[in-house]
Amino acid sequence: MPPVPGEHATIRRDSEYKRHGTLSLLAGIDLVTGEVISSVEERHRSREFINFLQNLDAYYSPELRIQIILDNHSAHISKETNAYLATRPERFELVFTPKHGSWLNVIESFFAKMTRQVLRHFRVKSKDELKQRIELYLQEVNQNPLPFRWTYGLEK
């Protein structure tokens, strides 16, 4: 809970809150444009992941090969996902991070930034409110997307 003058000067936590459930954010960053392509779902199963892949397929030009860096979530390697990928040969190239290496994925940094800027230290009254807050943030990011630029300090 935020500070309240005269009551408590720092952020305060209480043990009484109502958990409304969780949502799953499937997202990818286009490294060329900086745009975030996303879907906020109730769950993260093969079905939702395949829908996300279909959205990417529709979003990008048919002659482009879509490269995706993923963690080893079961939906990313399921029979259903592989069956869908077989219907789109040469369209997707999936690259998997090592186990416990999802920090290597740029989208994980984006999720951390979104958590710090939008989700930390607030309460929602429902999952719908949470979904609206996430989608509003994604809209704002995509209004002025910033392409990601890889840098490494060797030139110094």
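The following paragraphs lead through a strand and its neighbours in this predicted model, and then through its salt bridges.

Strand E3, which covers residues 66–70, is a convenient place to begin. In a regular strand the side chains alternate between the two faces of the sheet. Strand E3 shows such an alternation: Ile 66, Ile 68 and Leu 70 are directed to one face and are buried, whereas Gln 67 and Ile 69 are directed to the other face and are not buried.

The partner of E3 considered here is strand E4, residues 92–96; the two strands pair in the parallel sense over five bridges. Within this pairing, Leu 70 stands opposite Phe 96 of E4. Helix H2, formed by residues 79–87, joins E3 and E4 in a β-α-β unit, and this unit is right-handed.

Attention now turns to charged side chains. Side chains of opposite charge can pair when their charged atoms come close. Across the whole structure, a search finds six salt bridges. One of them joins Arg 91 and Asp 57, whose closest N and O atoms are 2.6 Å apart. Arg 91 lies in the loop between H2 and E4, and Asp 57 belongs to helix H1, so this salt bridge ties together parts of the chain that are 34 residues apart in sequence. Salt bridges with shared partners also bring Arg 88 into one network with Asp 57 and Arg 91. Are Arg 91 and Asp 57 buried or exposed? Arg 91 has a relative accessibility of 4% and therefore counts as buried, the cut-off being under 20%. Asp 57, at 17%, counts as buried because its value also falls under 20%.

A further salt bridge is formed by the side chains of Glu 42 and Lys 127, with an N to O distance of 2.5 Å. This pair links distant parts of the chain, 85 residues apart: Glu 42 is located in the loop between strand E2 (36–41) and helix H1 (46–59), and Lys 127 is located in helix H4 (residues 127–143). Lys 127 is partly exposed, its relative accessible area being 24%.

Arg 45 and Glu 48 also form a salt bridge, in which the closest N and O atoms are 2.7 Å apart. The two partners fall into separate accessibility classes: Arg 45, at 27% relative accessibility, counts as partly exposed, while Glu 48, with a relative accessible area of 8%, is buried.

How values were computed: Residues numbered from 1 in each chain as written. Predicted model: local features only at pLDDT ≥ 70, side-chain atom pairs only at ≥ 80, totals over all residues. Heavy atoms only, no water. Buried < 20%, exposed > 50% of the residue type's maximum accessible area, 1.4 Å probe, protein only. Helix = DSSP H or I, 4+ residues; strand = E, 2+ residues; numbered from the N terminus. Pairing = 2+ DSSP bridges. Right-handed = clockwise from strand over helix to strand, strands pointing away. Salt bridge = Lys/Arg side-chain N within 4 Å of Asp/Glu carboxyl O.
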